[in-house]
Amino acid sequence: MEDIKIDKRINIKGLICPYTFVKSKLAIEDIEVGETLEILLDYEEASRSIPKSMEDHGHKILKVEKINDTDWTITVRKEKE
Amino acid sequence: MEFTDDQLQRYSRHIILPEVGGKGQKKILNAKVFIIGAGGLGCPVGYYLAAAGVGTIGMIDNDTVELSNLQRQIAHNTKRLGVHKVDSAKETFEALNPDVNVVGIKDRISKDNILDLIKDYDIVVDGSDNFPTRYLVNDACVMLKKPLVSGAILKFEGQVTTILPGEGHCYRCLFEEMPPAGLVPSCQEAGVLGAITGVVGALQATEVLKLILGKGDVLKNTLLIYDALKVNFRRVKVPKNNDCAVCGLNPSITELQDYDAGYCRI
């Protein structure tokens, strides 16, 4: 599988909803359309709600991965301002 | 400017809205809004703008808090009877949100001070209770090209309209001349249901926030009329009048007038 180039990474481990999405949204505002953001988190509910909210806001979810017992990464591509 | 952790929490429900986001919330924090009157409408308008984080809120009112105000003027309270309304409102709004700076002016708005008072603000809100002030504020905003969100209430009815000088109608396009003194009763004479000031004030605050964000439609070329008894909202189209005395093609009003002349205030 083709590697995804990551333009920005944030670590929001320890945060719960809605701040997981607040931080993720602020981070995606800071990158350009077409660039990708990788979010590292440990709040399980957010591993489902962030992809849904990002898609509702018009962005593209490239990958959601459970990387160990506690953590997930979500990779999002910014599709619009 | 980066948000503090407190700000992230305080404004989280704004930031997650697609139409607001961090960028929109920063616009709100940098906005300057001037409110005419700290009474029935000024209180809820200022309250919601303060909660939203509008960075600078100017307010002018010359009155002190009276017991008869407290049925609707929710920024004041029983312990503040006799206190200047702008001081009372400042205390309430800044306690709600320390991000907000309230600039209170204890004076009556007049043709001599209005241009100077509003010139550094982005948006003006009219929450005044009389026609001379309403026309003065309209004319001053047209002359300075300041967006104006005008509201009015009486008995069980409220009105809201948003004036964008140069783009849409103004108050004189809607009502060319001031009604003669005594024709339209005041709240003192006719009464007002306190809660409708909240409805109209919240509508005005919402118009202001949409103007700051540049999102959605506003009540340009439109008068919104709320009838609380019938629970009816009615939108009336108000075309810009090219013959308008202040915003028309050949305006006859080119400087502010003595609006109180011949107008007897009770």
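## Chain A

Helices and strands here are DSSP runs, with at least four residues for a helix and at least two for a strand, numbered from the N terminus. Counted that way, chain A of this predicted model comes to two helices and four strands. Read from the N terminus, the order of its elements is β-α-β-α-β-β. The radius of gyration of chain A is 11 Å, close to the 12 Å that the globule rule gives for 81 residues, so chain A is as compact as a globular protein of that length. If you want a feel for the dimensions, the C-alpha trace of chain A spans about 30 × 30 × 20 Å along its principal axes.

How much of chain A is tucked away? Of its 81 residues, 42% count as buried. The accessible surface of chain A adds up to about 4600 Å², and carbon and sulfur atoms own 45% of that. Take the contacts in chain A between residues at least 6 apart in sequence: 63% of them join residues at least 24 apart. On the charge side, chain A carries 14 positive and 18 negative side chains, with the centres of the two sets 2 Å apart.

## Chain B as a whole

Chain B has ten helices and eight strands. Its radius of gyration is 18 Å, which agrees with the value near 18 Å that a compact globule of 266 residues would have. Along the principal axes, the C-alpha trace of chain B spans about 55 × 45 × 40 Å.

Buried residues make up 52% of chain B. The chain exposes about 12500 Å², with carbon and sulfur atoms supplying 50% of that area. Among contacts in chain B with a separation of 6 or more, 67% come from residues 24 or more positions apart. As for charges, there are 29 positive and 31 negative side chains in chain B, and the centres of those two sets lie 5 Å apart.

## Helix 4 of chain B

Helix 4 of chain B runs over residues 42-52 and is mostly covered, with eight of its eleven residues buried. Those buried residues are B:Gly42, B:Cys43, B:Pro44, B:Val45, B:Gly46, B:Leu49, B:Ala50 and B:Ala52. Right after helix 4 comes B:Gly53, which has a positive phi, near 95 degrees.

## A look at B:Thr92

B:Thr92 sits in helix 5 of chain B, residues 85-96. Is B:Thr92 buried or exposed? Its relative accessible area is 11%, so B:Thr92 is buried, the cut-off for that being under 20%.

Setting aside neighbours within four places in sequence, B:Thr92 is in contact with B:Tyr47, B:Ala75 and B:Arg80. B:Met178 is another story: this residue is 86 residues from B:Thr92 along the chain, and their C-alpha atoms are separated by 34 Å.

## Aromatic pairs

Over all chains, the structure holds five aromatic pairs. One of them is B:Phe34 with B:Tyr121, an edge-to-face pair at 5.1 Å centre to centre and 65 degrees between the planes. Which parts of chain B does this pair tie together? B:Phe34 lies in strand 1 (residues 32-36), while B:Tyr121 is in the loop between helix 6 (114-118) and strand 4 (123-126), so the pair links parts that are 87 residues apart in sequence. Both B:Phe34 and B:Tyr121 are buried.

There's also an aromatic cluster to look for in chain B, formed by B:Tyr135, B:Tyr171 and B:Phe175.

Note on methods: Residues numbered from 1 in each chain as written. Chains lettered and ligands numbered in written order. Predicted model: local features only at pLDDT ≥ 70, side-chain atom pairs only at ≥ 80, totals over all residues. Heavy atoms only, no water. Rg over C-alpha atoms; globule rule 2.2 N^0.38 Å. Buried < 20%, exposed > 50% of the residue type's maximum accessible area, 1.4 Å probe, protein only. Contact = heavy atoms within 4.5 Å. Areas by Shrake-Rupley, 256 points an atom, 1.4 Å probe, with all protein chains shown as cover. Lys, Arg positive; Asp, Glu negative; His and termini not counted. Charge placed at Lys NZ, Arg CZ, Asp CG, Glu CD. Phe/Tyr/Trp six-rings, centres within 6.5 Å; stacked < 30°, edge-to-face > 60°.
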